[in-house]
Amino acid sequence: MLAKLRRHLTGLATALTGSVVVAVTFFSFLTCANLYITRGQTAFESDVTAFVAQWELNQSLDLVQIQDLAQRSEIDLYLEENGTPLFLSNLSQQTVSVEELQEVLMNAGFDITAAPLSSYSEDCLIQKVQLGGKDVRILAIKQAHSESWHLLIAWQSLEEERQILGWVAIGFILLTLIGIILVASLCWVVAGRAIRPVEYAMQQQKEFVRAAGHELRTPLGVLRAGLSILPNEDAKKATRHIALMSEETVRMGKLIDQLLILSGGGIVHSSQPEKFEPDTLLLSLAEEWEPIIYKAKRHLKVNLPENNLPTVTASREEIRQILIVYIDNALQYAPVDSCIVFECCEAKHGIRWTIRDYGPGISNFNKSKVFQRFWRADSSRTDHSHFGLGLSVAAELATRCGARIGVSDTPGGGASFWVEVQSSR
C-alpha cells in the first residue's frame, strides 16, 4: 500500500511540476521564436530600406551593390522605374513569379501600377505569405521623384528560419523531457522521505496492536480456564479461582485504561493549569506511596532543597500521574532493600521532579526507547503485572500538559526519571 501511495504521490507531484515546466518551456520557446522572427524581419527591413535610400541618393542602380545585398541578406529583388522593369534577382531559386507577387500586393491594398500620390514613399510589408509552396516575407516600396517614381519589391524565404526554429523546438522538447525526468526522480525521492513517517507510524501501529493482543491474551486465558473449571470445584477452591480471576480483571482494566490514554480516547483528559507548590505535590506522593514502598521491601527517601521552591502553574493531575508512572517503574526494577528517592529542585528550564532508583539502570542506547509503547528493559522477564505501557503513557501525558520528560543515570548506578515544567518566577 505504501509503495502504491509513493507512486501516486510521485505521479501527482510530477504531473503538477511537469505542467509548470512544460508551460514555462512553451512560453520561453514562444518568446525566443518571436524574438528571432522579429530580429530577422527587422534585419530584412533594414537592408531593403538602406538599399532604397542609396538608390534615391545616387539616382542610379549599382548592380554590384544589388548582387551584394541579395547574397548577403539572402533576399530577392524586383525593381521598376515608372512601371518599366529594371532588374530581377532570383538567387534563392524560388518558383515565385512577379505576377504572383503583384497579385499578393494588390490583394493587400498596395497598387504597384500607380505612382505614389506624393513625394513621400509608400510601403507595404507582408510578414508571411505562401508563394510557390514556400513561406516568404515581402516588402514593397514606392518612391516618388520630381519626374519619375521607383518601385522595389523584396522578398525573403522563411524556409531556413523555419528549420532553425524547428531545431530550437526540438532542443526545448529534449530539455523539457530531461527536466521532467529529473523532476520525477526528485519527486520519487521526496515522496519516499515524505511517507517514511507514515511507514514508521504504521509499523508502530502493527507492533502496538500485536503487543496489545499478546498482553490481553494472558488475562483472558486465565479467565477462560478459571470459568471452565469453576463449576466442578468445591467452595474453597472456587473462592481461590474467583480471587485469581478478579486480579486478572483488574490487570485487564488497567491495560485497557492505558491503551485508551495512548489512543487519545481515554477517560483522562487534560486538566486546567493551576498554581501549586511543587514540594507539596512531592510530599503528598511520598505520604501516599510510603506504605506501598515499604511493603515491597524498598526504602523511601525524599530530597528537597533548603530554600523554598517557586510555585508552578501547570496541569497538576498530569504531573502527578507521570510521577506515579515513574514510582511504579522504580518499584518494578529497584532491587529489594534498595532505596527509591523522590527529589524536587530548580532546573535550568523550571522546576524538576525526579524519581531515582538504584536498579540495573538503562544503557545510553536504550534511553531513546524507554518511552516507546510496550518497550521493556528486560524483555525476558516473566512478570506480567506491567505491560511496557507506563512510560509511554507518561510521554502522552507530558505532551498533553506541555511538560518535558527524560531519563538519566543515577549516580552509583540506576535510572533517574524526571519531569520538568516552567516555574512561575
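A residue counts as buried when its relative accessible area is under 20%. By that cut-off, 39% of the 425 residues of the chain are buried. The model is a predicted one.

**The chain overall**

Ten helices and twelve strands make up the secondary structure count of the chain. The accessible surface comes to about 24,400 Å². Carbon and sulfur atoms account for 57% of that surface. Contacts reach far along the sequence. Among those between residues at least 6 apart, 69% join residues at least 24 apart.

**The second largest pocket**

The second largest pocket has a volume of about 490 Å³. Its lining consists of 23 residues. Nearest its centre lie S73, E74, Q156, S157 and E160. By class, the lining divides into eight nonpolar, six polar and nine charged residues.

Which elements each supply at least two residues of this lining? They are α1 (2-58), α2 (63-73), β1 (75-81), β5 (149-157) and α4 (159-194). The largest share, six residues, comes from α1.

**Strand β5 and its partners**

β5, one of the elements that line the pocket, is mostly covered. Eight of its nine residues are buried. The strand pairs with β1 and with β4, residues 134-144. The two pairings compare as follows.

| Pair | Bridges | Direction | Residue pair |
|---|---|---|---|
| β1 and β5 | seven bridges | antiparallel | D76 with W155 |
| β4 and β5 | nine bridges | antiparallel | R137 with Q156 |

W155 in β5 is the bridge partner of D76. Q156 in β5 stands opposite R137, and Q156 is also among the residues nearest the pocket centre. In a regular strand, side chains alternate between the two faces of the sheet.

**L69 in helix α2**

L69 sits in helix α2, another element that contributes to the pocket lining. Is L69 buried or exposed? L69 counts as buried, because its relative accessibility is 4% and the cut-off for buried is under 20%.

What does L69 touch beyond its neighbours within four places in sequence? Its contacts there are D47, F51, E74, I75 and L77. E74 is also one of the residues nearest the centre of the second largest pocket. D47 lies 22 residues from L69 along the chain, yet their C-alpha atoms are separated by 7.5 Å.

Methods. Residues are numbered from 1 along each chain as its sequence is written. This is a predicted model: local features need pLDDT of at least 70, side-chain atom pairs count only at pLDDT 80 or more; totals for chains, interfaces and linings use all residues. Side-chain values use heavy atoms; hydrogens and water are left out. On a 1 Å grid over the protein atoms alone, a cavity is a set of points where a 1.4 Å probe fits but cannot get out, and a pocket is an open set with protein on both sides within 12 Å along at least five of seven lines; lining residues have an atom within 4 Å of a point. Grid points are joined across faces, edges and corners, and a volume is the space filled by probe spheres set on the points. Helices (H or I, at least four residues) and strands (E, at least two) are DSSP runs, numbered from the N terminus. Ala, Val, Leu, Ile, Met, Phe, Trp, Tyr, Cys and Pro count as nonpolar, Asp, Glu, Lys and Arg as charged, and the others, Gly among them, as polar. Buried means under 20% relative accessible area, exposed over 50%, partly exposed in between (1.4 Å probe, protein chains only). Contact means heavy atoms within 4.5 Å. Accessible areas come from the Shrake-Rupley method with a 1.4 Å probe; for residues, only the protein chains shown count as cover. Two strands pair if DSSP finds at least two bridges between them.
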